[in-house]
Each structure stands twice: as structure tokens, then as C-alpha cells.
Amino acid sequence: MSIFNNAALLIAVPLLFAFSIPLFGFVSKQLTKWVALFTIGFNATFSLYILLAHKYPTVVVMGNWVPPFGENLYIGPVAAFLVSVISLIGLLIAIYNLWAIKLGDVTRFSVLFLMFIAGASGMVLTGDIFNLFIFMEITGVSSYALVAYGPRRRALGGAFKFLVVSSIGSTLYLLGVMLIYTQLGTLNIAEIAARINQTTPGLLTFAGILLISGLAVEAELFPFNGWVPDTYTGAVNGISAALSGVGAIAGVYALFRIVMTVLGRDGTYVFTYGKLDLMTVVAILATATVIIGELSALVQKNVKKMLAYSSMAQMGLVAAGFSIGSKLGVYGGIFQLVNHSIAKSMLFLIVGVLVGSGLGERIEDFKGLWRRSPFLSLAFTIGAFSMLGFPLFAGFWSKFAIVGASIQRGGWYDFVIGLILFASVVEAFYYLRIVTYIFSSTSIKEPKIRVNLSPAIPIFILAVVIVAIGIYPNFIGSFSMQSAGEFTHKMTGYVLNVIPTIAAH
Amino acid sequence: MNTNLIWLVAMPLIGSAVTAVVVRYKFLDRLITFLTFATTLFVLFLAHVGQSYSWTLKFLGTTLNLTLNVSHLSIFMLYISIAFGTVLAFYSLIDNSRMKGFLLLLVLAANNWIFMSNDMIGFFFAWELMGWASVVSVLGGREKEKSRHAALYYAMMSVAGSYSMLFGIFILWRLTGTFSISANIAYLSSIIGGHPWWVLGIVSLFFMTFMIKSGIFPFHTWVPLAYAYSPDAFTPFLSAAMSKYGVYGMLLFLPLGLLEKGFPTAFGVPWTNYIFLWFGVITAVVGTVLSIFQDDVKKLFAYSSLSNLGYVVAAIALFTPVGITAGIYHAFNHLLFEGALFITLLAVISRSGTSKLSEMGGLWKKMPITFFTFFVGIASAAGIPPFNGFGSKWLVYQAMIKQHLIFATILLFLASTGAFMYLFKAFHSIFLGQLSHDYERVKEVPIVGQIVEAFLMIAMIFFGVQPGYILKPIGAIVKSMGLKPLPVMANGYVAGMFSNVYMPLIGWSLVVSFIFGFILFYVSAEHKNVSQTDNYTAGQIPEDWGLTPETYQFSWNFYQPVEKLFVPFFRIKIDGFFRGIGDWTKATGSAIKEIFVGNAQMYAFFAIVGLIIFVIAGWMA
Amino acid sequence: MMQEFLQNWIYFIASLSLVGVGLYIVLTKENIFRIIVGLNIIESGTNLFMVAIAWHPNAVMPIYTATNHLMVNGKVVTADPLPQSLVLTAIVIGLGTTALALAIGIKIFEKYGTLDVRKIKEAEK
């Protein structure tokens, strides 16, 4: 059926339902959550169909304006894979929200959540750098509002910080886009990518720096990630999970689509055009992010804050993997990105359930959790072990690949990975500290924690997925490998699929 | 392709999945654990040297071969570890500590994989699996808070070691393009002549891991904590079987220095091995000295265990035929007697409820089987002929003396003498002397436990008197390493460099003298039982002086005079070094955390500063 | 000369100075509403930049009529229409962001009773 070729529905349907949700809200507020759930469910089904039936690569053309003249969506391996992950994790969080979101303006929460998913999907799908900006803003605006949702006032502070930093970031991004436009007169990613070396190197470098600085805000790289801890801590847990599970994917994708596809130069290792190798810049940022994130997480006493810093550090690890620039490194990066999304969103959901049943957020509050809720304890342990890259859990394979790729490249990447491994030891400490707290029992007899079905389903599924990937990494691994090819070989992987007639200049 | 090998790994994994489901029903959990161990042992009977199995994994952008390979060394290690595990699992049927069967089975799966793996991916996977499974196992100890700390400490060491090995694995991969262990070792030995420092650096990355796992100085600090505070039923496996992974790893890498002709040597040993030998000797001495002053019996034997591993490392570092034989032989003996000792401790602790030496005493009448097993165990550990520890220690000394390593030999002798001190202390404090009032009602362990103890006791005596049964397979290992094995003699002989010992003769002479002593004991003056605190207080009541009865127990400050001798050495705290690293990291973390306590403007400021720095960098470029 | 320079560069200079002024306000002012105004000024600067790159002194409107020749001597002389359409989008996005920021600002005032970011930070501790 031809409709299955029109992947624009992945953005259009959530937006359509987002703006018609207030109508459902007149019927019942609870209904709106179900509408959001089913809409994201549609997205998940559709994107999974595209992914599993191998309906990619394909270009979706708007109004018969073929690229590079019109706006287009490009569904390559990366987009198909990441949009599936985004909508699946979004779906699971929507299931969790059925239970978690009861107070306040449920209707508008559902609107914003759908917009958030639509924006993130759009960022991954679009083939136009200005549209990327628009979707970034849709994601951004909806996530500021989502972060501000909730009874606690620190949510507002987090939202405001996020807003200020992110606004500045998107302005920088826009300036960078416009600088490139002055040089090439086009906004189509494929065409810019093919003609990037026609630009003036100095101006290109400046534009690249502006673009990286803007995108690093969403990709949580130091020093553009100041908003992360406060925002993650302030938001309700479902939203923290969405930020780390969905928003981070889109952010990292956008950053490396720009750096590797638009500005990059094919080769054994991807470098960028211009006077400064921006991949090196990203590698430095990533290493700094890992070290700063892990060390800051080490001294936190609040679990959510700790998870937030860990999220930041993991994004650094992902970016380090990408910045190696070899196929293996990008493979590790994407794999780690997906694993992190799965594990971290699960951890946030668990914290959400615990907070919902009256437990505090301090690390000491996790003491003896094993006696109170074996299910949540096991799930938390699985998530933590996956973050640490222990075998039998998903994170092992991706971390293994990143370390391998880094050492394969050699040179100063040996130091990068040395520092990252040191930081990983720190990470192991603070995660295992919680795990040991969970299994050390308290003498006080405390009541068991009842977990409702609606939060239990996503947590259970995510935990099972982590173990499944850990035992059989090939399934996700093969998609990651295809995606890596799209990043590292930009002409054959991306440009020629969008504009078959174009030649590299 | 021998598919039976894959079952050696798959069987415990399946068993582990099953036990994980029934984890709430303790007996079922233990029963399935035991059955899985027994089945794995049965599967092992089907494995022979030379078998291999490989399967492919699409990973890292290529198709990788994962290979399981049975060598002489691996099958020896497999037999001893699985057999001991089976015995332990049988004992654990009646045990009620908080050991979880599925974790033990995960360790077993990793154990089999480590010993068979011929590729570094599988090796690392199994190594990490074993690491986290054992860390989580340690969590279930009796003293919750302490076992939590111990598990964390162990985990940190273990993770640091793993990452160091990971780094080494990939460095080798970069150099050779393959993950095969044998191919990489061949490569290393081919370049050791030209680039000794390179090879040393790479091998050190691996050795750090192995030394951590075996608890070799200066990485021994986690051992007493993890052993003492792990669940009592898990400690025997931790000490007996898991400390061998490091030894196995070292044996893979140690031959490197020998393969190059003209490699600089010291005392006929390649200088790298010579340095490494000293780590072993220091471990033996440090373990012994620290062991003497422990009051916690599990800590005492933890130090004893690591001191014995010092002997093993010192012997295998020589890499002479007699050295390798002595090392592997002692590794086997260590597994047997240390396992037996920790199982008897498990029995004693489960009955008495304490692991403090100063709270025990006089238990021998209550727990006779345990007592005799323990007695044979410490006799073996002390290296008293004809029990099993003697032959290997004797060979270790021979190997050292053969290379004229006089000073090292003296130190090892010293350590051995020290071993007598702490072993006697433990023996005396737990079983001899007067029975404390608290233990009037203590009973012997259930029949299953008695069977296990008796079995281990017989095994220790058997392998002591008939060492040939174990020396023959070791001879095959030595031969497979390309060295000339020691002469094969009848089963009763320990064949050394200078002379051979006929163990049964020693055994009989000991039996005769024991009988003689017993007769003397009976015909001599009559003896009577007194209460535990009778003989110190001279009629005074200690409470009046603000003292408790424990301080008058005979094992209180047992070796105080000796302790004073060593006071200056106690100031050197290796443990403090690691904790210092930890504190420093924490302090740095607290400092860095301050970056993120600003407000929106501060974060925007960071972003702008970052941007400006990049723009300047772009300008300069 | 001066006129030419002004004609060519005045809008770029103005737009970048607006960005600079906006950043200065965001980084230095304590009042939340002033920060929002600063963000707005940054956005205006960006928008001006976008319009400025589409324009040159002798441009004609990009609509083909009988009197409006888009090409002179084989060179395109129209203003570039694309950035102008983009700037509309950017203005709308800026409006949305500002509205949301103001809403959050009002909420913050309700919950904390102040708009001073330093006092808010102290209240959070």
C-alpha cells in the first residue's frame, strides 16, 4: 500500500492528535492519556513496520518538489532505527503516564507529550537543516512546558534554566545554518553535504562551531549542559525518562548528522572540512563531559540528580564513540545511545514508582528495597548493570565496541579512552553503591511496595529487553551497524540516496 | 567441533535461570544448584584434551570466532574447580546462609568459560560475568553493613582490573587484528626480543587483573574483607576455586620471557619473572604476618589463603619444570585444604553463630567430625607430612633453591613457620580449651555436612599419601608447556630435583608416633575439666574490675608479644593507598559538582565561554 | 565609501550587536523578565541577520512581472525570498518561546514570591 511509503505520517499523526486532544478532553481528562497512548502506539507500529519490513531507504517528498528544491524527509537506516526506538520508548512512557499523571492539567500534558514525540521524530526524520531547527524548537518548547509540569516548585526552576540555555543554543544553531546558507544557497542536508567543500574554510569553521555549540545543548555535552541536573531533578520522573530516553536520542542524532554528514569528509576516519577538525572538538567535549559527569554524580546524595549526571556522562560516552569517526566507533555510539535510552528511562520510571509510593529520593532511602519490592530491585539492578556494561546486559556490547574502536584508532584516543575507563570505574562505584544499598536489609519492618500494572508493564518490558540484548546483541547490533554506515560514508549512505544525480564536488 | 563443550557453559546458565525462578524456595534452589553442579561434572567427563568448539559472533563489524579449547591445564583446572564446587553445593543443601544458587551457577558458567576460552572476547565476557556474580554474592553475608562495604571494595578492585584487561585486549587486537589468545601470545613472544618494554607494558595490563583476582600483593587488600563478610557458604568457593582464575591467567602469559633466547636473566630466571616472583614472596610473608593477629576466623583464613597463593605465584614465576609443577600442585592443594577449612568454618559458624575466635573454644567434643577435618586441614596448610600440603611446599622450596634464590627461600620458610602460629591459634581457639557456656547445646552439623567433611578429610589424606595421582596430570601440563616434566614415579612418590619422598612411609611413621603419644597420654596423670575462666582469675570476679570474661579467654591477644615486634610494619597501609585514591576522586567530584549549582545565567555563561573558546581555537587553526 | 560600507554591513553589524546586547542582558540581569527580554533581543538579532543576508542594496522583489526583471545581464538581482519566509517561522517560534517563558516566569513568581534569580536559587537550597 502506498500509504506505507508516506512516513510523513510519523510526524503528522501525532501533531494532528496533539491539537485535537483538547476535544477529547471535553469528554474526559483520562481519555486524553489514552489518545496519546494510541497515537504513539500508531507511531511505534508504523516505524517498526518500516524498520522490520525494510522499507528504507526512502525519500518522502513534499508536494512534488524533489530534493534539493523542496523539503524532504529521509528515512535511512538511522532514521528508521532511531524513530522506532523513540516511539517505542515514548509508548512505554505513555503507558507509565496512565498511572503517574493524575493531578493538574492532564489534557495539556498529553498535548505536550505528543508534541514532544512528534518533534523528536521529526528531528530524526527531516532532511533539511532549517526544519531540523523547527523540530528542535517543537521538542524544546514542549519539553520546557513538560518539565514545568508537576506540583513541585523546583520544576519551574529547572524548566527556566533549560529554556534559557536551550534558547541560546538554538539561536546559535540558527546563525550557523544561515552562515551556511549564505555560502551555498540551500538548506537541504544532502546538497549541503555534497557541496560543503565549496565554502570558504574560515567561514565554514565558524559556522560549524556555531552549529556544534547549538546542538551540544540538546546532546548534553559540557559546557553546554548546565541545564541537565536541575531540569532532570525538577521534572516528574516520566518526563526525566522521556528527556533521557527520547530527547537525548534526537539531540545526539542532530549533532552528528550535522558534524558527520553535513560537515564531514569520508575516509577511514571521518574528519570535517574547514580549518578546525570539529570531530576532534567533539571528542574533547565528550571526554570532558564523561569525566565531569561521572565525578559529579559520585558525590550526589539524591538518586535523581545522580541519574541526571550519569545521563550527561553517558551522552559523553556516546559522543566519544561517534567522534572516533570509524564505522566501529559510530556503531558503538549508536548502540550505546539506544542502550542508554532503554536503561536510563527504566531507572527513572523505577524512581518514579518509588517516589509515588512514598519513598524518598535520597540514596539511603533505597536501603532494604529488596525486601520491599523484589521486582523493582531486580529491575533497578539490571538497569544499573547495563549502564556499567556488565556482561549478560545490553550495555556490555556497546561499551566494548566503543573501547575497541577507540583503541583501534589509537594515537591520542588511547588517552581519551583511558580517561573514560577511569571515569567508568567511578561510575561503577556510585551505581554499585545503590545496588548494595538495595540488597542490604534494614531491621525495621516496612510494608511492601505495591506496583500498579501500568508502571509495571514498561519497567518489565525494558528490563527484559536489556537482558535480551545482552544475550543476543546481533539484532540491535545489525541495525546499529547499518546506521553507522550511513554516518561514516555520507555520499553512498546518505547523499546519493536523497539526490541520486548529485556528484560530490 | 565438539558440542559437548558448549554444554559445560550452557548447563550452568540454564541451571542458573531455573534457580533464579525458584529463588524463594531455599531448598529447591540449593537442590537444583547441586544437581546442576553434578550434571556439569558429568558433562566434564565427556571432555578430552584437544577438543574444541567454536561459533561465530557478528560483532565489531566483522565475524568473530569464539573458541572453546580444552588444554591439559584447562581440563585440570576444570576438574578440580567443578569437583570442589559439587562438594560445596552438596554441603549447601543443609546450609542456611544467604548464598543464592543462581549466582553460584553464574560463577560456575564463567569458571568453565574462563578455563576453556581461547579468545579474549569470551575470556573477558566470562571474567566480567564472574566478577559481578561474585560481587553480588558477597552482599549476602551475615553482617549486612560490613558485607556491603566489602562487596563495594571488591567490586571496585574487580572493575578496575577488568578495565585494565579490556585495554590490554584491545591493544593486542590493534597490533594483531585477532582476539585469539594463543595467536596473541605467539605474537608477543615474537616481539619480546625487540621491544621488551612494550610487551611488559601490555602484559602488565593483564597481570594487574590477574593479581587483583588472586589477591597478590599489593592488590591483596580486598581479600580479607570479601572473604570474611561474604556468605559463609560462598567463601569456600571464593577462596578455593575463584582465586585460581588469576593463577590460570598468569600461566598463560608467563612463558613469554623464556621464549626469547638471550633475554636478560637474574638467577637463571628472566628478569621480568624474577620481579614477579618477589610479588609472590611478599604476598606469602604479608599474608602470614597479618593472619597471625586476626581475631575473626574467616579473616585469619583469608590471609592464610592469600599467603598460600603467594607460594603458588612465586613458584610459577620461575617457570622451570619443578617450579611449574610445584605451583600447580600447590594450587591444587590450596584448593583442597582451604576449601575444606572454609567448609569446616562454615559448619562451626553455623552452629556457634560467631566468627570471633575469642568467643569460641572447646568445640571439639561437640563437633568431632568437623574437628578432625579441621585438624587435617590445618596440618595440610602447615605442610606437615603426610597430608597434602607438604609435597607441594617441599617442591616450592626445591624450585627456589635450584635457582639459588636463597633469600626468597628463607622468607618463604619464615612464612611457613608463621603459618604454624596462626593455624595453631585457630585450632586451639576454636576446638581446644574449655567449652564456653554458650555452646553447651551445640550439636554436630547434620549428616550431609558430616559426609562432606569426612570426604574432604579423606581426600586430603589420600592426596597426601598418594601424590602421584595428581602429579601425573601436572606432568602432562608441564609437558604441554614445552618443558621437561619431572620423572614419573609410583603413586606414592613426590619426585623432586634432589631427592624423592615416599609419602606412605612418612604416613605410617606418623600414625605410629601418634599412637605412641596417645598411649603416653592415657597412662599419664589424670586430668580434669575446668570452666573456661577458672584458670586466670584466681578467685576474683572480673566484672568487679570492669573486665569482661572474653578478655580472659585464652585466645584474647593470643600473640601479643609477637604483635609488638611487627608494630612498625603495620604503619605501611596499602589499603590506605587505595582509599586515598578513592578520597581524592571524591574530593575532585565535590569540587567539580560546584559547576552545576549555578542558575540559568551561569549555565548560559558557560555555554558562551565554551563558544568563545572554540571560536578562538578556530581562529588560531 | 562610507555609504557603501554602511549599505553592505550595517545590518550585519546591527544584528550581531543585538545578539551581543541580548547575551549581555541574559548573563547579567537578575530579574527573570529582563532575562526573557534579553532572549527576545537575541532572537530579534538573529531574525535581522536572516533578513540581512537575503538583501542587497540594488535588489528587486522576487516576483516576476512585466516590469520587474529578475535577471540583469545574466545575474540574478532579486532579494532572496527564502530567508524571508524562514524568518517568519523563526518569529513565530520566538513568540511561542517567549510566551512560554513568560508563563513560567509568572508561575515562578507565584511559587517563590520573587523574580530575582539569586533569591530563587537561595530558596531552592
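This report walks through how the chains of a predicted model touch each other, and then looks inside chain B.

## Where chain A meets chain B

Let's start with chains A and B. Here 55 residues of chain A are in contact with 50 residues of chain B. On the chain A side, quite a list of helices gives two or more residues each: H6, H8 (201–218), H9 (227–234), H11 (278–298), H13 (327–356), H16 (395–409), H17 (413–439) and H19 (474–488). The largest share comes from H17(A), with 10 residues.

What kinds of residues does chain A bring to chain B? The count is 37 nonpolar, 14 polar and 4 charged residues.

## Where chain A meets chain C

Chain A also touches chain C: 23 residues of chain A are in contact with 26 residues of chain C. On this side of chain A, the elements that give two or more residues are helix H5 (129–148) and helix H6 (154–184). H6(A) supplies the largest share, 15 residues. If H6(A) sounds familiar, that's because this helix is also listed among the elements on the side of chain A that touches chain B.

Sorted by class, the residues that chain A turns towards chain C are 16 nonpolar, 4 polar and 3 charged.

## Two domains in chain B

Now for chain B by itself. It is divided into domain 1, made of residues 265–297 and 313–502, and domain 2, made of residues 584–620. How far apart are the centres of the two domains of chain B? Taken over C-alpha atoms, they are separated by 57 Å.

## A pair of helices in chain B

When two helices pack, you can describe the pair by the angle between their axes and the distance between those axes. In chain B, helix H6 (residues 144–176) packs against helix H7 (residues 181–191) at an angle of about 75°, and their axes are 11 Å apart. Angles of 65 to 115 degrees count as roughly perpendicular, so that is the label for H6(B) and H7(B).

Which residues actually make the contact? H6(B) offers Leu172(B), Leu175(B) and Thr176(B), while H7(B) offers Ala183(B), Asn184(B) and Tyr187(B). By class, this contact has 4 nonpolar residues, 2 polar ones and no charged ones.

## Helix H13 of chain B

Helix H13 of chain B covers residues 271–292, which is 22 residues. At 1.5 Å a residue, H13(B) should span 32 Å, and its end C-alpha atoms are indeed 32 Å apart, so the two values agree.

Is H13(B) mostly buried or exposed? Of its 22 residues, 17 are buried, so H13(B) is largely enclosed by the rest of the structure.

How values were computed. Residues numbered from 1 in each chain as written. Chains lettered and ligands numbered in written order. Predicted model: local features only at pLDDT ≥ 70, side-chain atom pairs only at ≥ 80, totals over all residues. Contact = placed C-beta atoms within 7 Å. Helix = DSSP H or I, 4+ residues; strand = E, 2+ residues; numbered from the N terminus. Nonpolar A, V, L, I, M, F, W, Y, C, P; charged D, E, K, R; others polar. Domains from an automatic or database assignment. Axes fitted to C-alpha atoms, helices over the stretch in contact; angles between N-to-C directions. Parallel < 35°, antiparallel > 145°, perpendicular 65-115°, else oblique. Expected span 1.5 Å × (residues − 1). Buried ≥ 20, exposed ≤ 12 C-beta atoms within 10 Å, placed from the backbone.
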